[in-house]
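Biologist: Please take one part of this model and look at it closely. Tell me what surrounds it and what ties those surroundings together.

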2 protein chains.
Amino acid sequence: MKRATKSIALLASAFVLLAAAPSPVVPALAPSEIVDAAPASDWVNIAADELLVMDLAPDAGKQARRVVIQLMPAPFSQGWIANIRKLAAAHWWDGTSINRVQDNYVVQWGEADGKKPLPPALATTSQDDYSVATAKTESSALADEINFRNVGTASSTEAIIYPDVYPGSVARFQNGWPIAQGIDAKWPVHCYGMVGVGRDMPPDSGSGAELYTVIGQAPRHLDRNIALVGRVISGIENLSSLPRGTGPLGFYENPEQRVVIKAIRLASELPAGQRPRFQYLSTENATFARYADARANRRDPFFIHPAGSADICNVPVPIRKAP
Amino acid sequence: MKRATKSIALLASAFVLLAAAPSPVVPALAPSEIVDAAPASDWVNIAADELLVMDLAPDAGKQARRVVIQLMPAPFSQGWIANIRKLAAAHWWDGTSINRVQDNYVVQWGEADGKKPLPPALATTSQDDYSVATAKTESSALADEINFRNVGTASSTEAIIYPDVYPGSVARFQNGWPIAQGIDAKWPVHCYGMVGVGRDMPPDSGSGAELYTVIGQAPRHLDRNIALVGRVISGIENLSSLPRGTGPLGFYENPEQRVVIKAIRLASELPAGQRPRFQYLSTENATFARYADARANRRDPFFIHPAGSADICNVPVPIRKAP
């Protein structure tokens with residue numbers, strides 16, 4: 001009989017690019033091969049003070065569990081990110097826990113009872129908006145693009161925009177991040193693995209002490225409503241595979257189910273030899289354009305119907321350990 | 001300090017509908033409240049022979065783990081579904097295992113080594129296409145809708161279509177299932193929890209013995225390329241929270257990591273008293289229209305910017321145990 005075991009297995013490894021020239025046929029590359037062939041200059045080092053390192057208590061098998069988060073660059077959410085740096089420097093999260101795991105939604109962590117005082121240096125109200133105004137020059141260039149739906153096939157970075165579920169907006173990568181953009185504003189997108197700031201009803205009530213990450217279908221209704229501050233770039237399986245909470249909204253009902261956070265530190269505050277070092281693939285070059293095209297148009301013989309496009313959250317920005 | 005703990009918690013419970021009348025203001029309902037208020041006639045019983053019941057070996061805490069899958073109705077994938085019914089009747093899956101858990105992608109199960117003979121009654125080649133032709137009447141009605149992007153706000157079911165990442169198609173619910181539809185074809189959508197048939201390179205090489213379910217961002221590139229046969233309607237956390245495989249593509253490297261499947265049965269083959277009974281909310285009525293609207297447009301004070309639309313995979317069809 002056929003070895004059905006490999007079935008889907010084949011899917012992820014066999015995507016190829018159609019050669020542009022009619023002949024000879026150039027061997028097609030899978031998205032991962034395109035990324036592997038990228039020159040060193042296509043990769044961008046992530047600064048140590050833009051990496052948040054979360055160490056969880058070891059699992060039942062006594063294995064260490066580390067999650068690394070890349071913080072967002074300006075112009076987004078800088079007030080909260082400043083708070084997060086202060087919380088890490090104050091070792092505020094040490095001994096707090098992961099308190100909520102809701103299937104196909106979020107993992108959330110912080111101080112479970114909400115009673116731990118924040119560091120005095122912390123701004124308890126951030127003045128940032130959750131999105132930023134689109135510059136007039138961008139606005140002008142964008143007008144014609146808003147209705148351009150069938151995208152993701154271009155070979156130049158300029159043209160790579162994605163159809164978006166938001167009315168009147170498109171999605172695109174900018175400086176390595178997934179961004180949605182309308183005529184008058186742009187904002188980061190709640191893709192799988194993105195990290196955001198929990199808050200109460202008032203829009204300014206989230207300090208950054210309570211954080212969550214997305215572990216399911218992109219919850220785009222949170223866009224522009226909760227500040228995104230970063231993304232998990234390593235170890236998300238240590239969060240996404242945790243037992244689901246059985247309380248309302250996936251909170252753990254029994255405090256013993258919570259997973260203790262040993263420490264959260266900025267990589268820049270770890271001893272030099274212990275700092276994790278990562279790079280992301282620049283989204284402003286031809287390599288990324290070819291990678292995105294290959295993600296949106298799978299032309300390998302396995303595929304009968306290439307999609308012709310992709311949701312921006314199906315084009316994860318490649319990350320690697322710095323060589 | 002503020003009780004940040006509740007932050008995101010509030011999100012999922014506080015969505016409301018804007019009252020249509022200018023005054024008096026009618027208290028708005030959350031999506032879950034709309035569903036809870038649905039009359040019994042809005043719910044559709046799922047037949048026992050459309051339910052596949054998968055019992056896994058107990059977990060480390062000796063807790064039973066059950067996953068229930070609803071099989072798709074015609075016209076989709078009926079050849080594979082006939083095979084699946086035969087495999088369940090032959091107890092073919094008993095003693096097989098979950099072999100692959102790839103983060104933000106799929107959980108896959110079947111016979112790990114691909115050597116177990118299939119039942120003789122099984123068709124090893126299915127003749128179905130992965131999508132079906134759109135009837136001319138549908139095609140005609142669809143033509144004007146293809147470019148209608150900003151949707152999900154209508155109060156009549158007819159008008160509820162969703163913008164889609166597929167070029168030239170829209171997405172909509174039909175008979176309780178998420179369907180994408182172009183001018184010449186329609187097909188089921190790879191949303192979170194959908195179950196599909198693993199296969200090798202040849203399009204007809206999947207028998208239904210090897211199955212997978214989606215545990216991340218909808219992998220729409222699989223649409224029309226692999227047959228979808230159903231969706232997990234209960235117990236998906238028993239799959240999505242499994243440890244991720246560390247081998248290529250998320251396969252477990254060590255056979256001991258595999259999770260043994262005790263049995264897979266059609267509910268109709270279980271003793272009458274042991275059959276799980278479920279219902280789904282009909283997608284062809286006003287209740288569903290209001291629910292979908294509330295999912296796409298969150299107007300609760302928590303929200304600053306309602307999205308105005310939603311990806312179809314962010315509008316999960318409500319499921320409940322039959323009362």
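Modeller: What follows starts with one helix, moves to its neighbours, and ends with the cross-links.

Two conventions come first. Residues are numbered from 1 along each chain as its sequence is written, while chains are lettered from A and ligands numbered from 1 in the order in which they are written. The model is predicted, so local features need pLDDT of at least 70, side-chain atom pairs count only at pLDDT 80 or more, and totals for chains, interfaces and linings use all residues; side-chain values use heavy atoms, without hydrogens or water.

The part is helix 3 of chain B. Helices (DSSP runs of H or I, at least four residues) and strands (runs of E, at least two) are numbered from the N terminus. Helix 3 of chain B has 12 residues. From first C-alpha to last, helix 3 reaches 16 Å, close to the 16 Å expected at 1.5 Å a residue. That expected span is 1.5 Å times one less than the number of residues.

Which residues of helix 3 of chain B are buried? They are B:W80, B:I81, B:N83, B:I84, B:L87 and B:A88. Buried means under 20% relative accessible area, exposed over 50%, and partly exposed in between (1.4 Å probe, protein chains only). Seen down the helix axis, the buried residues fall within an arc of 155°, so they line one face of helix 3 of chain B. The arc is taken from the directions between the helix axis and the C-beta atoms.

Now the cover over that face. Strand 2, strand 3 and strand 10 of chain B are among the elements over the buried residues. Strand 11 (211–214), strand 12 (228–234) and strand 13 of chain B also take part. Contact here means heavy atoms within 4.5 Å.

Next comes the end of the helix. Just after helix 3 of chain B, B:H91 takes a positive phi of about 55°. B:P119 sits 9.6 Å from B:H91, C-alpha to C-alpha, though the two are 28 residues apart in sequence. B:P119 belongs to the loop between strand 5 (106–110) and strand 6 (132–133) of chain B. Its relative accessible area is 14%, and B:P119 is buried. Leaving aside residues up to four places away in sequence, B:P119 touches B:L87, B:A90 and B:W92. B:L87 is one of the buried residues of helix 3.

Salt bridges involve some of the covering strands. A salt bridge is a side-chain nitrogen of Lys or Arg within 4 Å of a carboxyl oxygen of Asp or Glu. There are 8 over all chains. In one of them, the side chains of B:R66 and B:D55 meet at 2.8 Å, N to O. This pair links strand 3 (residues 65–71) to strand 2 (residues 51–56) of chain B, 11 residues apart. B:R66 is partly exposed, at 34% relative accessible area.

A second salt bridge joins B:R265 and B:D94, also 2.8 Å, N to O. It links distant parts of the chain, 171 residues apart: B:R265 is in strand 13 (residues 259–266) of chain B, and B:D94 is in the loop between helix 3 (78–89) and strand 4 (97–101). B:R265 is buried at 16%, whereas B:D94 is partly exposed at 23%. Chain A has a salt bridge between A:D94 and A:R265 (2.8 Å, N to O). There, A:D94 is partly exposed at 21% and A:R265 is buried at 16%.

Disulfides complete the set of ties. A disulfide is a pair of cysteine sulfur atoms within 2.5 Å. The structure holds 2 over all chains. In chain B, the sulfur atoms of B:C191 and B:C313 are 2.1 Å apart. The S-S torsion is about -80°, so this disulfide is left-handed. It links parts of the chain that are 122 residues apart: B:C191 is in the loop between strand 9 (185–188) and strand 10 (194–197), B:C313 in the loop between helix 6 and strand 15 (319–321) of chain B. Both B:C191 and B:C313 are buried. In chain A, a disulfide joins A:C191 to A:C313, S to S 2.1 Å.

Last, helix 6 of chain B, which precedes the loop of B:C313. Of its 11 residues (286–296), 9 are buried, so helix 6 is largely enclosed by the rest of the structure. Its buried residues pack against helix 2 (31–36), strand 7 (170–174) and strand 14 (278–281) of chain B.
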